[in-house]
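Open the model in your viewer and keep the sequence panel beside it. The stops below say what to select and what is there.

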Amino acid sequence: MDNARQMRNLTLIGFMGTGKSSVGRLVADQLHFTFLDTDAVIEARAGASIDDIFKQHGEPVFREWESRIVTELARRSRTVISTGGGLPANEANFCSLKTHSLVVCLWASPEKIFQRVRNQSHRPLLNEPDPLAKIRQLLAVREPYYRRADILVNTEFRSLREVAQQVLHQFHMAQRANPVAGAHGHIQMHHAPSTGK
Ligand code: S3P
């Protein structure tokens, strides 16, 4: 059970290819919040693409960048945050996000994710002989974290716009359920993660 939670921000988590950045932009526009993509922040600071960071420095260095950014995010308000797929699969990162955000997980099956990412080459973790097997393996490890989001939204049968509407609806509901809630207020979250249906 969570005690008083601050809901200054809205954070999208979920596996690669679930639409976090696209949905995040749409939601940020509607809420008049700032949009922030953790991968984009890392690339800007490193002056290199995620792919190059993995190649030159390795995954552990990339994960350190992520954790540093997560710490900084705690100071933000009125921000929609789109996270890299592996970022919340770290207890400290996950807990930190929950201190200031409604955490929404965008969900899709391994097969659907594979369909969406198969023609993209910018994701170093999927540059593998058998990307579908890799997706299944990573998803199995991360699923326990994804399931701890406040809200799970299945993206398989919805357009990006419909997913964004669902996320907005959930954010407004969370605020309405808590009269003291607001961009700078506190929300008490007492409900279990829902599927967002
Ligand atoms: C990763 C997901 C990517 C990016 C990096 C690692 C992961 O972000 O952070 O390639 O570990 O799942 P997206 O989820 O935005 O593709």
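Select β4 (79–82). Thr-79 and Ile-81 point one way from β4, Val-80 and Ser-82 point the other way, and all are buried. Buried means under 20% relative accessible area, exposed means over 50%, and partly exposed lies in between, with a 1.4 Å probe and protein chains only. In a regular strand the side chains alternate between the two faces of the sheet. Strands (E, at least two residues) and helices (H or I, at least four) are DSSP runs, numbered from the N terminus.

This is a predicted model, in which local features need pLDDT of at least 70 and side-chain atom pairs count only at pLDDT 80 or more, while totals for chains, interfaces and linings use all residues. Residues are numbered from 1 along each chain as its sequence is written, and side-chain values use heavy atoms, with hydrogens and water left out.

**Partners of β4**

Keep β4 selected and add β3 (34–37). Four bridges join β3 to β4, and the two run parallel. Phe-35 has Val-80 as its bridge partner in β4. Two strands count as paired if DSSP finds at least two bridges between them.

Now add strand β2 (residues 9–14). β2 and β4 pair in the parallel sense over three bridges, and the bridge partner of Leu-12 in β4 is Ser-82.

**On to β5**

Select strand β5 (residues 101–107). How many of its seven residues are buried? Seven of the seven are, so the strand counts as mostly covered. On one side lie Ser-101, Val-103, Cys-105 and Trp-107, on the other Leu-102, Val-104 and Leu-106; both faces are covered.

β5 pairs with β2 in the parallel sense over six bridges. Ile-13 has its bridge partner in β5 at Cys-105. β5 also pairs with strand β6 (residues 151–154), again in the parallel sense, over four bridges. There, Leu-106 has Val-153 of β6 as its bridge partner.

**Two cysteines**

Stay on Cys-105, then add Cys-95. Cys-105 counts as buried because its relative accessibility is 0%. Cys-95, at 36% relative accessible area, is partly exposed. A disulfide is a covalent bond between the sulfur atoms of two cysteines. Here a disulfide is taken as a pair of cysteine sulfur atoms within 2.5 Å, and the count by this rule comes to zero.

**Helix α8 and Met-7**

Select helix α8 (residues 160–176). The expected span of a helix is 1.5 Å times one less than its number of residues. For the 17 residues of α8 this gives 24 Å, and the end C-alpha atoms are 24 Å apart, which agrees. Its buried residues include Val-163, Leu-168 and Phe-171.

From Phe-171, move to Met-7, in the loop between β1 (4–6) and β2. Met-7 and Phe-171 are 164 residues apart in sequence, but their C-alpha atoms are 9.3 Å apart in space. Met-7 is buried, at 0% relative accessibility.

**Phe-94 in α5**

Next select Phe-94, which lies in helix α5 (residues 91–100). Phe-94 is buried, with a relative accessible area of 3%. Add Val-70: the two residues are 24 apart along the chain, and 8.9 Å separates their C-alpha atoms.

**Two positive phi angles**

Most residues other than glycine have a negative phi, and most peptide bonds are trans. Select His-32, in the loop between α1 and β3. Its phi is positive, near 60 degrees. Is His-32 buried or exposed? His-32 is exposed, at 66% relative accessibility.

Arg-78 sits in the loop between α4 and β4. Arg-78 has a positive phi of about 50 degrees although it is not a glycine. With a relative accessible area of 32%, Arg-78 is partly exposed.

**The largest pocket**

Rolling a probe the size of a water molecule over the atoms shows where empty space is left. On a 1 Å grid over the protein atoms alone, a pocket is an open set of points where a 1.4 Å probe fits, with protein on both sides within 12 Å along at least five of seven lines; lining residues have an atom within 4 Å of a point.

Select Met-16, Lys-20, Asp-39, His-122 and Arg-123, which lie nearest the centre of the largest pocket among its 31 lining residues. About 560 Å³ of space lies in this pocket, a volume being the space filled by probe spheres set on grid points, which are joined across faces, edges and corners. Helices that each supply at least two lining residues include α1 (20–31) and α2 (38–46).
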